Amino acid sequence: MDVKAAPNGVATIEDRILRITGYYGYYPGYSSQKSTSRSSVTRCKPGANCPSSHSSISRQLSPLSVTEDSSAPILELQSRGSSGVCGHRAERQNRSGDDGTQTHSENSSQENRIKARYLSCMSMVLKAVWGLLIILSVSSSWVGTTQIVKITYKNFYCPFFMTWFSTNWNIMFFPVYYSGHLATAQEKQSPMKKFRECSRIFGEDGLTLKLFLKRTAPFSILWTLTNYLYLLALKKLTATDVSALFCCNKAFVFLLSWIVLKDRFMGVRIVAAIMAITGIVMMAYADNFHADSIIGVAFAVGSASTSALYKVLFKMFLGSANFGEAAHFVSTLGFFNLIFISFTPVILYFTKVEHWSSFAALPWGCLCGMAGLWLAFNILVNVGVVLTYPILISIGTVLSVPGNAAVDLLKQEVIFNVVRLAATIIICIGFLLMLLPEEWDEITLRFINSLKEKKSEEHVDDITDSSVHLRSRSRANGTVSIPLA
C-alpha cells in the first residue's frame, strides 16, 4: 500500500501524532522513511526465486544488515531527540543566565535607590538638627545681647560708644571664617589668596580704595544707625517691646523691595505689613501714648527701617553673597568703622554728651560680653544660611521675643497688659506670615488636592472590599452573584 502525503505535508497518522505531541525527534517524513526502509527488505518464500538475486545492483541481506537498516532511522531519531533536549537545556540555561543578570541589575539599582534615599534622609535630618541648634543659638545670642545692654545701662549710658565698640569687633569675622576654612577644607588656601577670592563681592577687580569708600561708607552708616537706634530704644522701652518692634523690619523689607526692586506683589505680605503697623500703634498705645513710650517706639521702628534699607540696598548693589564674601564684607565694615567713625565718640566725649570718668571705670566685662554676643549673632546668621534652611534663621530671630519676655518676667521689669500682649502677638504673626514662600498658594492647593485624591482612593478601596465581602457571603449562602463588568 503506497503512502500518500497529506495536503499539509504530513505523510501519515503517526507523523501527525508525533507533530501534535511535540516529540523532539520528529521531522517530516519520519514514518514514510521508516516504512520505506522496512519495505526495502523483501521476503521470499523457501524455494522461490527472489527478484533481488537477479539484480546486479542488489546486495544480499543478512539479519545484521536488516537490523542496521531498520535501526538507522531510530538512531537518527535518538540523535535528533538528544540534540533537541540539549538545545532546550542550553536555551533554558541562557534564559536563566539572562534572568540572573537582569535580577542582579535590578537588585543593584534597588540598592542604589535605597542608598540615595538614605543619604537624602540623613542630609535632611542633619539640616534639621543644625537648624534646631542654630535657632537656639541665634535667639539666645540676641536675647543675651539685649539683656546685657539693659544691665550696662544701670551704671553706664553711652549708646554710641557701645555701638562703635561692638562694631569694631566685626573685624574678627573674616579671621573666624578663615579659621573654619583651615579646619574643614581639604584644599587649604593662603590668607591673601582667600581674601582676594572673597573680595570679588565688590567686583571683578576686587577691593580697591575707590570701592572701599563708595560701597562700604553707606552700609557702614546704616549699620551704625541700626544698632545705635536699637540701643536708644532699649533705654525707653523694655527688651520685650524693642525686640518685638524690631521684628517689623521684615515687613519693611517687603515694602521696599516691592517699591525699589519691583519684587512680586503678594497679598499675604501686605496683610503682614498691615499687622506689623497695627502692632506698632498698639505698642505705643499700651502706655497711653506716654512720651517715653512714643519716643522708644519711634527709635525701635527707625532701627527696623534702617535694617530693612540696609538689606534692600545690599541686594540691589551687591546681590547675593556666600559665607566667605559676607565675612569679608562685615570685616570691611569693621575696618571702616575703626578708621572713619572713631572721631565721633571722641567728639561726644569732649562735648560731654557721652562722658565717663576714666577708662578703668568702664564696665569692660559687660561691653565685651555685648560685643561678643553681637558678633556671634552676626556669624550665626550667616553660618545658618549655609548649614540649614534660611527660614530657620528668621524663626530664631522672632523667638527672641518670648525669650526676652521670659527674662523680663523673671526680673519683674515688665507687666504685660492686654494691649501690650496683643500687640506683641500681632507683630510676631505678621513676621511669620512674611516667611511664607512666593508659591505658598500653589503649594497649598497641591496639598489639598493630594489629600482629596487620597481620600477618594481610600473610598474606592473601601467600596471594593465591601463588594468582595458581600460576594463571598452570597456564595457561602448558596446564591449565585453575577460580577459586574
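Let's start with the walls of the largest pocket: by class, its lining has 30 nonpolar, 13 polar and seven charged residues. Please keep in mind that this is a predicted model.

So how much space lies in the largest pocket? About 1800 Å³. If you want to find its centre on the screen, look for Lys-250, Val-253, Lys-311, Val-381 and Val-385, which are the closest to the centre among the 50 residues that line the pocket.

Which elements give two or more residues to that lining? They are helix H8 (209-236), helix H10 (249-259), helix H12 (291-317), helix H13 (323-340), helix H15 (364-387), helix H16 (390-398) and helix H18 (418-434).

Let me stay with H10 for a moment. Its buried residues are Asn-249, Ala-251, Phe-252, Val-253, Phe-254 and Ser-257. Val-253 is one we have met already, as one of the residues closest to the centre of the largest pocket. And what covers the buried residues of H10? The cover includes helix H9 (239-246), helix H11 (267-285), H12 and H18. H12 and H18 also give residues to the lining of the largest pocket.

Now for the second largest pocket, which has a volume of about 260 Å³. Here I can read you the whole lining: Val-176, Tyr-177, Gly-180, His-181, Thr-184, Ala-185, Lys-194, Phe-323, Val-383, Val-386 and Leu-387. Two elements, helix H6 (173-184) and H15, give two or more residues each. H6 gives the most, with five residues. By class, this lining divides into seven nonpolar, three polar and one charged.

Last stop: cavities. How many of 30 Å³ or more does a search of the whole structure find? Just one. The largest cavity has a volume of about 30 Å³, and it is lined by Ser-166, Thr-167, Asn-170, Trp-223, Asn-227, Trp-374 and Asn-378. Helix H5 (159-168), H8 and H15 each supply at least two of these residues. As for class, we have two nonpolar, five polar and no charged residues here.

If you'd like one helix to follow as you turn the model, try H15. This helix gives two or more residues to the lining of the largest pocket, does so again for the second largest pocket, and supplies at least two residues to the lining of the largest cavity. Val-381 and Val-385 are good places to begin for the largest pocket, Val-383 and Val-386 for the second largest pocket, and Trp-374 and Asn-378 for the cavity. Thanks for listening!

Note on methods
Residues numbered from 1 in each chain as written. Predicted model: local features only at pLDDT ≥ 70, side-chain atom pairs only at ≥ 80, totals over all residues. Heavy atoms only, no water. 1 Å grid on protein atoms, 1.4 Å probe; cavity = no way out; pocket = protein on both sides within 12 Å on 5 of 7 lines; lining within 4 Å. Points joined across faces, edges and corners; volume = space filled by probe spheres on them. Helix = DSSP H or I, 4+ residues; strand = E, 2+ residues; numbered from the N terminus. Nonpolar A, V, L, I, M, F, W, Y, C, P; charged D, E, K, R; others polar. Buried < 20%, exposed > 50% of the residue type's maximum accessible area, 1.4 Å probe, protein only. Contact = heavy atoms within 4.5 Å.
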